[in-house]
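Let's take a walk through this one together, starting with a single side chain and working out to the whole chain. Keep the viewer open as you read.

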Amino acid sequence: MSAQPNFLYELAGSMSQGAAGNPTVAMIEAAFAHHGLHWRYVNMEVTPQDLGTAVRGAKALGFRGFNCSLPHKVTVIAHLDGLGESAAVMGAVNCVVRRGDKLIGENTDGKGFLKSLSSVCDPRGKTVVLFGAGGAARAIAVELGLAGIRQITIVNRSAARGTELVELLKTKLNLNANFVQWQGDYTISSGTDIVINATSIGLYDADARLDLDVSSLKAGMVVADVIANPPRTRLIRDAAERGCQALDGLGMLVNQGIVGVQYWTGIEPDAAVMRRALEQALGL
Ligand code: NDP
């Protein structure tokens, strides 16, 4: 018989479709173990039609929170008790937090990016060029808007998604935002402080090229990529060669995990432990 006292684990988790092999599990459980927390983070595959039942189940079982990924980021909102500020602006939730007896939806994608960015610069008053207008771009743009940037240019291949994001930033955040349709190599204007790739270009392909005139990247600019695998994307390598401050997508992913753990447990987890676990899980 074990001499250990019985204890219940606190639970957090992830609701997704296709739950196998999620590196986030390794990263978050490494933080729990490192800080001696009797917590578990479990991955559950939930179909769209079972989402409401799953959320009520997590509440009944005392889950302290959970992440949710596609296709649940928007539809989960109908099953929650409230939303954090940026999640309400975006209309998308990827992290749910129990506060008292309420389940509140947050969005940690953009917050993870902002935390990573804040390690090298203060976004207040900055001019930004953002490539992409999908879920990651939306989360980043909203969080940058809430953090007080001065101006943002959204560069996207499809005009429909790009203009929709610009309208959201203008109407909901009163942000100085404009849209440029992406055609040929884009030239970054000299007054730009921060350049971000939030497209999927570069995922699993270290040589994939953004249509960008790299000679317009100037020393002193911050250049960030959302792509976490591989982290040394062509954009990150080009930016570093040109003397820019380069921020890889692993930083965003780790910081997203950190924000989730902070929300659920109230502790400030060790970033190095989480990054190591993530790198191991990704085979980097
Ligand atoms: P979406 O599918 O919502 O958006 C994809 C974006 O990439 C769109 O703007 C799309 O343009 C653009 N795009 C894709 N292929 C091309 C191409 N060949 N040329 C030009 N534009 C292209 O994806 P998400 O926003 O959810 O995710 C984007 C990336 O961000 C993913 O690779 C994901 O891995 C990464 N990510 C990283 C995170 C991190 O923590 N590091 C967190 C979340 C996401 P269009 O509108 O014209 O189709």
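Two residues are in contact here when they have heavy atoms within 4.5 Å of each other. By that yardstick, and not counting residues up to four places away in sequence, Gln151 touches Lys126, Thr127, Val128, Asn176 and Asn178. Bear in mind that this is a predicted model.

So where does Gln151 sit? You'll find Gln151 in strand β8, which covers residues 151-156. Its relative accessibility is 13%, and because buried means under 20%, Gln151 counts as buried. Its side chain has polar partners too. One is the side chain of Asn178, joined to that of Gln151 by a polar contact of 2.7 Å. Another is the side chain of Thr153, with a polar contact at 3.4 Å.

Next, swing over to helix α4, residues 108-118. Here 9 of the 11 residues are buried, so the helix is largely enclosed by the rest of the structure. The buried set includes Phe113, Leu114 and Leu117, but also Asp109 and Lys111. Look at the N-terminal end of α4 as well: Asn107 caps it, with a side-chain oxygen 3.1 Å from the backbone nitrogen of Asp109.

Now for Lys218. This residue belongs to the loop between β10 (194-197) and β11 (222-225). Is Lys218 buried or partly exposed? With a relative accessibility of 41%, Lys218 counts as partly exposed. Leaving aside neighbours within four places in sequence, Lys218 is in contact with Arg242 and Cys244. You can also check the spacing to Thr192: the two residues are 26 apart along the chain, and their C-alpha atoms are separated by 9.1 Å.

Time to zoom out. The chain's secondary structure comes to 9 helices and 12 strands. Its radius of gyration is 19 Å, close to the 19 Å that the globule rule gives for 284 residues, so the chain is as compact as a globular protein of that length. Along the principal axes, the C-alpha atoms fill a box of roughly 70 × 40 × 30 Å.

How much of the chain is buried? Of the 284 residues, 49% count as buried. If you take the contacts between residues at least 6 apart in sequence, 69% join residues at least 24 apart.

Finally, the surface and the charges. The accessible surface comes to about 12900 Å², and carbon and sulfur atoms account for 50% of it. There are 26 positive and 26 negative side chains, and the centres of the two sets lie 3 Å apart.

Technical notes: Residues numbered from 1 in each chain as written. Predicted model: local features only at pLDDT ≥ 70, side-chain atom pairs only at ≥ 80, totals over all residues. Heavy atoms only, no water. Helix = DSSP H or I, 4+ residues; strand = E, 2+ residues; numbered from the N terminus. Buried < 20%, exposed > 50% of the residue type's maximum accessible area, 1.4 Å probe, protein only. Rg over C-alpha atoms; globule rule 2.2 N^0.38 Å. Areas by Shrake-Rupley, 256 points an atom, 1.4 Å probe, with all protein chains shown as cover. Lys, Arg positive; Asp, Glu negative; His and termini not counted. Charge placed at Lys NZ, Arg CZ, Asp CG, Glu CD. Polar contact = N/O pair within 3.5 Å; in protein donor to acceptor, adjacent residues only side chain to side chain.
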